[in-house]
Amino acid sequence: MFLSRLSRPWALAVCALPVVALLAVTGLAPLPFTLAQPGQATNVLGDDQGKPVITITGAPTRKTEGTLRMTTIVATGPTAEVDFGDVADAWFRTDRAVLPRDVVYPVGESEKEIQKHNTAEMQKSQDSAVDAALAYLGEDPEKVKVTLHLADVGGPSAGLLFSLGIIDKLDGNGAGGDLTGGRDVAGTGTITADGKVGAVGGVALKTQAAARDGSTVFLVPKAECGDAQAELPDGMRLIPVTTLKEAVDALRLLDRDESKVPTC
């Protein structure tokens, strides 16, 4: 009855008030999302916080040229408040991603528990990377000792690049040159002790981190080619891999016949 006595513009305005109020509340209320962006892209052939990322004893090592960058993403913490404005801003940016919080962080775990889990995953990844690299080269793990150092990074996604870094330091391309061919190479992927490369997530943001720091070649788990192509920086070459051997073979082939190197 009340609305029938109002003019059409006023009636529409009154009807819109609850919607406006709901949007206002939604805009201020925390949402169950995590925001991610490109993180660091550390050269595993170099130093991190003043220490070599890869230290090898028990076998002669070689001086390397070029770069092998393991890439990361940075995400808001499990207790960080993300509101509608944050989500709307990130939704329209290519250097941001909006992810369900329970996909990124285990439900019910504290920040301390999550950090402990990520640290354990990194240690497991490092152990597998060493095993895979030494097995590929036929080196005796009882004689050749490898120590990996990478501060402030958790999770398993650096495994492939750790293995490649060890191979480059010990054997290069197998013919006296660098495995990288002097290039700035980046990538991501888990590794198992028998050399299988696994998917990791966040590859579209990781290619951006790599391009930002100067990489022109990116090794990506084959299953994630589509994701990597979504926001691929100009001039970045994607090389899909499923095993450590495929990654080594592809990098060697870049110098001999680039046209035969597989691409996504």
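Helix H6 spans residues 203-212 in this predicted model. Eight of its ten residues are buried, so H6 is largely enclosed by the rest of the structure. The buried set is Val203, Ala204, Leu205, Lys206, Thr207, Gln208, Ala209 and Ala210. Lys206, Thr207 and Gln208 are thus listed alongside residues such as Val203 and Leu205. Just after H6 comes Gly214, with a positive phi of about 110°.

Val203 leads to the nonpolar cores. It belongs to a core of nine residues. Ala186, Phe218 and Leu238 are also among the members. This core is separate from the largest one, which has 43 residues. In soluble globular proteins, nonpolar side chains tend to be buried together.

Now take the largest core. The residues with the most contacts inside it are Val146, Leu160, Phe162, Leu164, Ile166 and Leu219. Both helices and strands supply it. The helices that give two or more residues are H4 (111-137), H5 (159-171) and H8. The strands that do so are S4 (54-57), S5, S7 (145-148), S11 (217-221) and S12 (237-241). Phe162 shows how such a residue is surrounded. Leaving out residues up to four places away in sequence, Phe162 touches Val44, Val53, Ile54, Met122, Gln126, Ala129, Leu148 and Leu150.

Strand S1 covers residues 33-43. Eight of its eleven residues are buried, so S1, too, is largely enclosed by the rest of the structure. S1 has two antiparallel partners among the strands described here. Four bridges join S1 to S6 (residues 97-100). In that pairing, Leu35 stands opposite Val98. Six bridges link S1 with S5. There, Ala41 has Thr71 as its bridge partner. In a regular strand the side chains alternate between the two faces of the sheet.

Follow S5 onward. S5 runs over residues 67-75, and the loop between it and helix H2 (84-91) holds Gly77. Gly77 is partly exposed, with a relative accessible area of 24%. The cut-off for buried is under 20%, so Gly77 does not count as buried. Its C-alpha atom is 9.8 Å from that of Ala36, although 41 residues separate the two along the chain.

What holds Cys225 and Cys264 together? They form a disulfide, with their sulfur atoms 1.9 Å apart. A search of the whole structure finds one disulfide. The angle about the S-S bond is -65°, and the link of Cys225 and Cys264 is left-handed. Cys225 lies in helix H7 (residues 225-230), and Cys264 in the segment after helix H8 (244-256), so the pair ties together parts that are 39 residues apart in sequence. The two ends differ in exposure. Cys225 is buried, with a relative accessible area of 12%. Cys264 is partly exposed, at 29%.

Step back to the whole chain. It has eight helices and twelve strands. Of its 264 residues, 42% are buried. Among contacts with a separation of 6 or more, residues 24 or more positions apart account for 76%. The chain exposes about 13800 Å², and carbon and sulfur atoms supply 55% of that area.

Definitions and conventions: Residues numbered from 1 in each chain as written. Predicted model: local features only at pLDDT ≥ 70, side-chain atom pairs only at ≥ 80, totals over all residues. Heavy atoms only, no water. Buried < 20%, exposed > 50% of the residue type's maximum accessible area, 1.4 Å probe, protein only. Disulfide = S-S within 2.5 Å. Contact = heavy atoms within 4.5 Å. Areas by Shrake-Rupley, 256 points an atom, 1.4 Å probe, with all protein chains shown as cover. Pairing = 2+ DSSP bridges. Core = buried A, V, L, I, M, F, W, Y, C linked by side-chain atoms within 4.5 Å.
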